[in-house]
Amino acid sequence: MSSTEKTNASQKALHALGAINPDLGFLADLGRNLLIEVHPKKIASRTVSALTSQFEVRGCAVAMELQHFGLVVVESQALASASPTKFQRNRFKKWLGLLPSQIPFENDAKADRFLECDESGSEYVVPFQVNGEIKGAIVLALGEQESLSDADKQILDTATQIVAMSINLTARYEATLDTSINRAKEEHRKFTESVLDALPVSLYVIDRDYNIVMWNRHREIGIQGMPRDAVIGRNVFEVLSKYPKSKLSGEFDRAFRSGRIERIEQQTTDDDGATKHWMVSKVPMKEDNGDVSHVITVGEDVTMRVEAIHAVGRAEKLAAVGRLASGVVHEINNPLATISACAEALESRVAEGAFADSPDLEDLREYLGLIRSEAFRCKTITNGLLDFSRVRTGNRHEVDIREVIESSARLISHQKRGENIEIRIEADEVLPPVIADEGQIQQAIIALATNAIDAMPEGGVLTFRAHHLRKRILIEVADTGMGIDPEDISKIFEPFFTTKEVGKGTGLGLAVCYGIITDHEGRLSVKSNPGIGTTFSISLPLKQTKYRIAE
């Protein structure tokens, strides 16, 4: 039998039941009508309508107090000519709090009635349970000469049980719905957290008490990361204790006060000396009234972007120096050569005794020495400038980097530069060859090593490393010297920038190295911790398709 056929059969059975016994038909109709309702107020409304039609009473009310709906009351007067009814909600709620007896009872005293009606003599109350506790009742207002028969009371008691079953089904439905809503909320929360964790930025949120309420996965990882469970609910100044509290507090206070997004550039140094650049955004979260309730902090790693900008700037400066060199270096070298030749000629005459009778002979020797040494110093600078204007083609062929490093280490050790310098070599036994100019690569490595030794005036360890990393060869020159100030890191490859004393450096060595490595389609980078040491890294591709062999 189909479901439609079953429904039709059930309806016929109910009609037949009503024809045999009207009271049973009333109860069957009530049960059928209540089964299609899921809201307590609609159940109460159908019940009141059915009871006022079934019983000759002055008024009727169904009242209940449910967890998800609060106090629900539906009342109706039975006769159009009867005076209006008024349900006493506070009295009913007080009665529920007293846990009255479960059996039906009559309210004879007017002061105790729930359903007030001027024409009623008493009221009949039938309590019902929801989830095992008395949470509601059906109330009938009777006239002064009216009363309910035992049969009426039995019908009313049965009707009350039907209502109670419907309300319990509704309560279960609401509980299931509430569980589904909570599950959906939890799934939405997890989805939101997954989205925030997937973002390639560090993100956390604080409230107006500066307590952390959100901390995404990227804020957990890295040198400065902390586990989410260890920070949620804690004060942000306590968690981020490495940052200056006054500065951090000022950033948050501006965001709470102004309600505007603020972007701040920051620079950090990892434990291994690598410099990181960050773009930190403070994003206020506003409520409907415009007040800022939370502040979102988003940290984006912009190291690659900043380094690319610096690389472009260095390339432009190198190009400018190259144009300068190609235009004026030869013009400068010519008068320098004349100055040097004149100084040397005068020194020869002094040595021959041409000025032996002069009282200023010693001053003359000193001045001529200064002229010659400074002229040669200028010559050194101009020769360095010429390196920018030359096309570095060289003799490019397959080069064994391990042999280049070992040769560079031997040359450095023979120069006897610095004292108490220990030289170490850490290189793979077998390294794939690179296409390069061996002399230029060695020039760059020796220049880096020379700088490293200068950074260790009290002695230290100079380490040459070479490793194969996928399609590149990584060369490192590391020292245990004084390190480089973080503010100078972005400027060390610029022409004429130097931290050495006047007369001890031209500021062209690292710029030349940068030019050599760039011409080989490689990368030159640096990591440094002040007081711990510095590591310069050269990355060269294993296969180069664009190079020229010198004739």
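Select Lys 282 first: with a relative accessible area of 1%, this residue counts as buried, and in this predicted model its side chain meets that of Glu 251 in a salt bridge, at 3.7 Å from N to O. The two partners come from distant parts of the chain, since Lys 282 sits in strand β11 (residues 275-286) and Glu 251 in helix α7 (residues 245-258), 31 residues apart. Glu 251 is buried as well, because its relative accessible area of 3% falls under the 20% limit.

Next, keep the salt bridges in view, of which the structure holds 16, and select Arg 402 together with Glu 429, whose closest N and O atoms are 4.0 Å apart. Arg 402 belongs to helix α10, while Glu 429 lies in the loop between β14 (421-427) and β15, so this pair ties together parts that are 27 residues apart in sequence. Adding Glu 406 to the selection completes a network, in which salt bridges with shared partners join Arg 402, Glu 406 and Glu 429. The relative accessible area of Arg 402 is 19%, which means that the residue is classed as buried, and the cut-off for that class is under 20%. Glu 429, in contrast, counts as exposed, at 66% relative accessibility.

For another salt bridge, move to Glu 65 and Lys 93, where the closest N and O atoms are 3.8 Å apart. Here strand β1 (residues 59-66) supplies Glu 65 and helix α4 (residues 89-97) supplies Lys 93, and the two residues are 28 positions apart in the chain. Glu 65 is partly exposed, with a relative accessible area of 28%, and Lys 93 is also classed as partly exposed, at 39%.

Now select Asp 437, which lies in strand β15 (residues 434-437). Which side chain of opposite charge is nearest to this buried residue? It is that of Arg 396, at 6.1 Å, and Asp 437 has no salt bridge. The side chain of Asp 437 does, however, reach the backbone nitrogen of Gln 440, at a distance of 2.8 Å.

From there, turn to the largest nonpolar core, which has 41 residues, and display Ile 401, Ile 445, Leu 462, Leu 524 and Phe 536, the residues with the most contacts inside it. The elements that give two or more residues to this core are α10 (401-415), β15, α11 (438-454), β16 (460-469), β17 (472-479), α12, β18 (523-529) and β19 (533-541). Among these, α11 gives the most, with 8 residues. As general background, nonpolar side chains in soluble globular proteins tend to be buried together.

One of the contributing elements, helix α12 (residues 509-519), deserves its own selection: 8 of its 11 residues are buried, so the helix is largely enclosed by the rest of the structure. The buried residues are Leu 510, Ala 511, Val 512, Cys 513, Tyr 514, Gly 515, Ile 516 and Ile 517. Continue just past α12 to Glu 521, which takes a positive phi of about 60 degrees.

Two further residues can be selected for their backbone angles. Asn 131, although not a glycine, has a positive phi of about 55 degrees, and the residue is found in the loop between β6 (120-130) and β7 (133-143). Its side of the picture is completed by its accessibility, since at 54% Asn 131 counts as exposed. Tyr 210, likewise not a glycine, has a positive phi of about 65 degrees, and this residue is in the loop between β8 (202-207) and β9 (212-215).

Switch to a surface view for the next stop and select Leu 35, Ile 36 and Leu 169, which form a nonpolar surface patch with about 340 Å² of accessible area together. Leu 169 is located in helix α5 (residues 150-198) and counts as partly exposed, at 48% relative accessibility.

The last selection is Lys 379, in helix α9 (residues 361-389), which is partly exposed, with a relative accessible area of 33%. Add Ile 332 to the display: the two residues are 47 residues apart along the chain, and their C-alpha atoms are separated by 8.7 Å.

Technical notes
Residues are numbered from 1 along each chain as its sequence is written. This is a predicted model: local features need pLDDT of at least 70, side-chain atom pairs count only at pLDDT 80 or more; totals for chains, interfaces and linings use all residues. Side-chain values use heavy atoms; hydrogens and water are left out. Patches are made of residues with over 30% relative accessible area and no salt bridge: like charges are joined within 9 Å, nonpolar side chains (Val, Leu, Ile, Met, Phe, Trp, Tyr) within 5 Å. Accessible areas come from the Shrake-Rupley method with a 1.4 Å probe; for residues, only the protein chains shown count as cover. Helices (H or I, at least four residues) and strands (E, at least two) are DSSP runs, numbered from the N terminus. Buried means under 20% relative accessible area, exposed over 50%, partly exposed in between (1.4 Å probe, protein chains only). Lys and Arg count as positive and Asp and Glu as negative; His and the chain ends are not counted. A polar contact is a pair of N or O atoms within 3.5 Å; within protein, one must be able to donate a hydrogen and the other to accept it, and residues adjacent in sequence count only if both atoms are side-chain atoms. A nonpolar core is a set of buried Ala, Val, Leu, Ile, Met, Phe, Trp, Tyr and Cys residues joined through side-chain atoms within 4.5 Å.
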